[in-house]
Structures are given as C-alpha cells and as structure tokens.
Amino acid sequence: MSDAAKAAAKRFTIDTEGLDWRRREPLPLPPTLVAAKHAFYERGFHGTSIRDIASRAGVSLPTLYYHHDNKLGILVELLEAAMTSVLAWVGAAIEAGDTPSEKLSNAIESIVLHMTSDLELASVAHEFRHLAADDPRRDNYVAMRTETENMLAEVIEAGRESGEFRFDEDIKDVLRYLFGACQAVTTWYRPSGARTPAEVARSYALISLRVVGAQNVDHLGDTQTTDNDSNDSNRSLKERKQP
C-alpha cells in the first residue's frame, strides 16, 4: 500500500481479519459525517449548506468547525472513509479466493456490496469532481482508488497469463469498464427494490467473469449462489420491489 493510502487508512481503521467479507454493516462515522452523508445524497454537495449539516447533526456551527475545516473538508473525509472501506474489503475478498476467477468474482462482488449496502456513502464518489485538480487533499483518495485498481489488475493479469481469462482488450480498458459499471449501480439501485445487495453483487460478479472470458463461469456461479444464500444478511430486512 502506498504511503498516501496508508495515511488515509489511519483515519478510518477497518479490521477485516476473521470476518465474513460478504456481511456488511454501515461504516461507523461521527454524527457530523453521518449528517453530511445524508445531506449530500439528498441535495448534492452544492445544494447542501454547512448550516444544514450542523442542524442534521444536532451541533452548533462552532462545534462543527472545531472538528472540520469546512464543507469541502467534510467531503474529503467522507471520500476517504468510503475508499478505506472499499480497499479493506476488496483486499479481504481477493484473499479469500483461490483462483483468478474466484478472486475477480469476489472483488467485484465486494465492490458492489459497498455500493448497495450503504448507498449514501458510496454515492459520495460522484462529488469528487468538486475537488480542484491542484487540491492536495485529492492525493489520499486517489492513492487508495489506484491501490484498489492495481489489486484487480494483478488478478486479471494472472488470469490471462494462466489461460483462465481469454480476452484481447487492454487491461486498463477492462478495468475502466468494470469500475464504471460498479459505480453506476448507485444511480439506479434502491433499497426498496426487489433485489437484495447480495443478489445484485452476485450478478455483477458473474458479468465481470464473462467480460474477461473466464472459463467455467456457470460452475462458479452455482458456488456463489450457495455461499450467498447462506450468508445474505440483508435478505431478512424486508421484501423489496425493484423498478
């Protein structure tokens, strides 16, 4: 892990050792960040005022400014929190796989679980555009995002070298496609829909394997179904209707 990524990870420590990477709970955040997460999701970054965040968090403006520099600083903290979670859980998911197909499938499943299990936090990534290109606060977030991309690149390259993956496209293009598809989940997924986070994640994992021309995809899909049916902690929340 790069120094920048390590620096960001220290702010939001996530210990995945001994835990089932498929079981997700919302990342613990201080009240001000929880309030900002809700507000940014509902109104967008520009549509949210610092007073709105303070009001939602139940704190005064002086108290909020004691803990955070400004609204942009709050956005940076949320971005780093989200990427810390992604990096930790994707790493755990890859580690749990034995073959390139299992590792890639697990990684994509883990990313989509991040998108669906805490839709508000995952959607904060869309607000990254508000950070100026020369803002040094971008560095930690970009470092962790690059770290995650590199982990998947290594898995895909290993699969292609072993013959388990068969595709002619540039790996960078494949990565852009996979990450773009995963991020787009936040634009359509709704917790009130018929599909659980695990079901969506499993579907995207299988699609990703077909993208890289993985062999024995159907067999791996059967294994995933068995694993997820026994581990889906979200299924009991309520019945959903997906548009």
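How many salt bridges does the structure hold? The count is ten, taken from a model that is predicted. Three of these pairs are described below, after a short look at the fold that carries them.

The protein is built from eleven helices and has zero strands. Read from the N terminus, its elements therefore follow the order α-α-α-α-α-α-α-α-α-α-α. Of the 243 residues in the protein, 49% are buried. Among the contacts with a separation of 6 or more, 73% join residues that stand 24 or more positions apart.

A good place to begin is the pairing of helix H2 with helix H3. Two packed helices are described by the angle between their axes and the distance between the axes. Here the axes of H2 and H3 come within 8 Å and cross at roughly 125°. An angle of over 145 degrees would count as roughly antiparallel, and 65 to 115 as roughly perpendicular, so H2 and H3 are classed as oblique to each other. The crossing of these two helices is right-handed. On the H2 side, the contact is made by Pro31, Thr32, Ala35, Ala36, His38, Ala39, Phe40, Glu42 and Arg43. On the H3 side, Asp52, Ile53, Arg56 and Ala57 take part. Sorted by character, the residues of this contact comprise seven nonpolar, two polar and four charged.

Which residues of this region are linked in a network of salt bridges? They are Glu42, Arg43, Asp52 and Arg56, and each of them also belongs to the contact between H2 and H3. Side chains of opposite charge can pair when their charged atoms come close. One such pair is Arg56 with Glu42, whose closest N and O atoms are 2.8 Å apart. Arg56 lies in helix H3 (residues 50-57) and Glu42 in helix H2 (residues 31-43), so this salt bridge ties together parts that are 14 residues apart in sequence. Arg56 is partly exposed, with a relative accessible area of 31%, while Glu42 is exposed at 53%.

Arg43 and Asp52 supply another pair in the network, their side chains meeting in a salt bridge with an N to O distance of 3.1 Å. Is Asp52 buried or exposed? Its relative accessibility is 11%, and a residue counts as buried when that value is under 20%, so Asp52 falls in the buried class. Its partner Arg43 is partly exposed, with a relative accessible area of 49%.

A further salt bridge is formed by Arg137 and Asp135, with 3.0 Å between the closest N and O atoms. Asp135 counts as buried, its relative accessibility being 11%. Arg137 is partly exposed, with a relative accessible area of 29%.

Finally, attention turns to a polar residue in another helix. Thr116 lies in helix H6, which spans residues 100-117. Thr116 is buried, with a relative accessible area of 4%. What does Thr116 touch, not counting residues up to four places away in sequence? Its contacts are Val185, Tyr189, Pro197 and Val200.

Conventions. Residues numbered from 1 in each chain as written. Predicted model: local features only at pLDDT ≥ 70, side-chain atom pairs only at ≥ 80, totals over all residues. Heavy atoms only, no water. Salt bridge = Lys/Arg side-chain N within 4 Å of Asp/Glu carboxyl O. Helix = DSSP H or I, 4+ residues; strand = E, 2+ residues; numbered from the N terminus. Buried < 20%, exposed > 50% of the residue type's maximum accessible area, 1.4 Å probe, protein only. Axes fitted to C-alpha atoms, helices over the stretch in contact; angles between N-to-C directions. Parallel < 35°, antiparallel > 145°, perpendicular 65-115°, else oblique. Left-handed = near helix turned anticlockwise from the far one by under 90°. Contact = heavy atoms within 4.5 Å. Nonpolar A, V, L, I, M, F, W, Y, C, P; charged D, E, K, R; others polar.
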